[in-house]
Amino acid sequence: MAKISIHEWFTRKKKAKAETEAVSARLDIPGNLWIKCYKCSATLFIKDLEANLKVCPKCNYHFKLSSAERIKLLCDEGTFKELNAEIRSTDFLGFSDSQPYQKRIEDSMLKSNLMEAVITGEGQVSSIPVALGVMDFSFMGGSMGSVVGEKITRIAEHGMEHKLPVIVVTASGGARMQEGIMSLMQMAKTSAALQRLREFGLPYIVILTDPTTGGTTASFAMLGDIHIAEPGALIGFAGPRVIEQTIRQKLPVGFQRSEFLESHGMVDVIVNRKDLKSTLTKILRFYKD
Ligand SMILES: [Zn+2]
């Protein structure tokens with residue numbers, strides 16, 4: 001392995017981050033017409049990419065979708081009604097890292113135009129009513145704090161109350177460290193709510209998207225009756241480097257990607273984005289009949 005100085009290591013990381021930010025910024029600026037695929041580096045016309053549901057036509061790389069785009073993809077037009085939109089995060093620990101948590105929340109709201117990292121509500125998928133939760137990576141990396149845990153719990157309870165199947169689309173960097181142990185407690189809370197849903201005999205379907213990691217994977221993302229994943233999604237608990245350092249072994253190629261998880265029984269089916277709604281419909285009909 002080539003040796004790099006500590007200084008170089010930091011600047012390399014910063015450079016890579018700046019490049020990623022520049023690319024994601026390009027996705028959102030209307031005047032900008034082209035984007036480079038992260039995987040195959042093909043130059044893509046943004047309008048074509050959007051018409052293709054943000055999937056690279058050259059290599060099938062699935063770009064991230066916002067929660068609004070995801071709801072539009074899955075729900076019948078005009079059927080989604082948001083629930084519990086008013087719940088907000090607060091900085092109950094008075095936590096501050098490079099900036100106070102309260103400021104981070106406010107900045108995230110402005111930047112993402114969202115109030116939290118998950119949107120929950122009721123909608124219809126091919127005329128079948130469902131309770132739906134969709135995570136959004138653009139709000140603090142889809143991190144799970146007490147609001148995300150509460151909204152997931154409430155949507156499971158809403159499913160029980162109205163006898164609806166529950167679907168959750170995950171996209172998360174893990175537990176939100178700014179809320180300390182309260183974030184970790186959400187793992188137990190959501191898991192308990194989903195256990196009650198199971199006892200009610202209602203289906204719980206998880207759609208795993210890139211990336212789904214940390215405490216989210218360790219709780220509601222991996223408790224589905226059916227796990228669907230988008231191709232190539234990163235799904236795991238700890239990052240590969242941490243695992244390699246801990247077990248002192250090299251990890252196999254493709255570790256923590258959808259395909260690897262499918263071949264090891266953690267994911268039931270990998271579905272291309274264009275087939276997601278029709279597959280979900282089939283599964284919902286199977287449970288309904
Ligand atoms: Zn590509």
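This tour proceeds through the sheet, the helix packed on it, a pair of helices and one loop residue.

The model is predicted: local features require pLDDT of at least 70, side-chain atom pairs count only at pLDDT 80 or more, and totals for chains, interfaces and linings use all residues. Residues are numbered from 1 along each chain as its sequence is written.

**The sheet.** Select the seven strands that form an open sheet in the order β3-β4-β5-β6-β7-β8-β9, with mixed pairing. Strands here are DSSP runs (E, at least two residues) and helices are DSSP runs (H or I, at least four), numbered from the N terminus; two strands pair if DSSP finds at least two bridges between them. The edge strands, β3 and β9 (269-270), each pair on one side only.

Next, display β4 and β5, which pair in the antiparallel sense over eight bridges. Val118 has Met135 in β5 as its bridge partner. Then move to β6 and β7, where the pairing is parallel and runs over six bridges; Val169 is bridged to Ile207 in β7. Colour β7 (residues 204-212) by burial: nine of its nine residues are buried (20 or more other C-beta atoms within 10 Å of the residue's own, against 12 or fewer for exposed and in between for partly exposed, with C-beta atoms placed from the backbone).

**Helix α3.** Select residues 67-74, in which Ser67, Arg70 and Leu74 are buried. Viewed down the axis of α3, the buried residues fall within an arc of 60° (taken from the directions from the helix axis to the C-beta atoms), so they line one face of the helix. Their cover includes β4 (118-125), β5 (128-135), β6 (166-172) and α10 (276-288).

**Helices α5 and α6.** Select residues 146-162 and 180-199: the axes of α5 and α6 come within 8 Å and cross at roughly 5°. Axes are lines fitted to C-alpha atoms, for helices over the stretch in contact, and angles run from 0 to 180 degrees between N-to-C directions. The two helices are therefore roughly parallel (angles under 35 degrees). Among the residues in contact (C-beta atoms, placed from the backbone, within 7 Å) are Ile152, Ala156 and Met160 of α5 and Gln186, Ala193 and Leu197 of α6.

**Ser96.** Finally, select Ser96, in the loop between β3 (81-83) and α4 (101-112). Ser96 is partly exposed, with 13 other C-beta atoms within 10 Å. Add Gln178, 82 residues apart from Ser96 along the chain; the C-alpha atoms of the two are separated by 7.7 Å.

Technical notes
Contact = placed C-beta atoms within 7 Å. Parallel < 35°, antiparallel > 145°, perpendicular 65-115°, else oblique.
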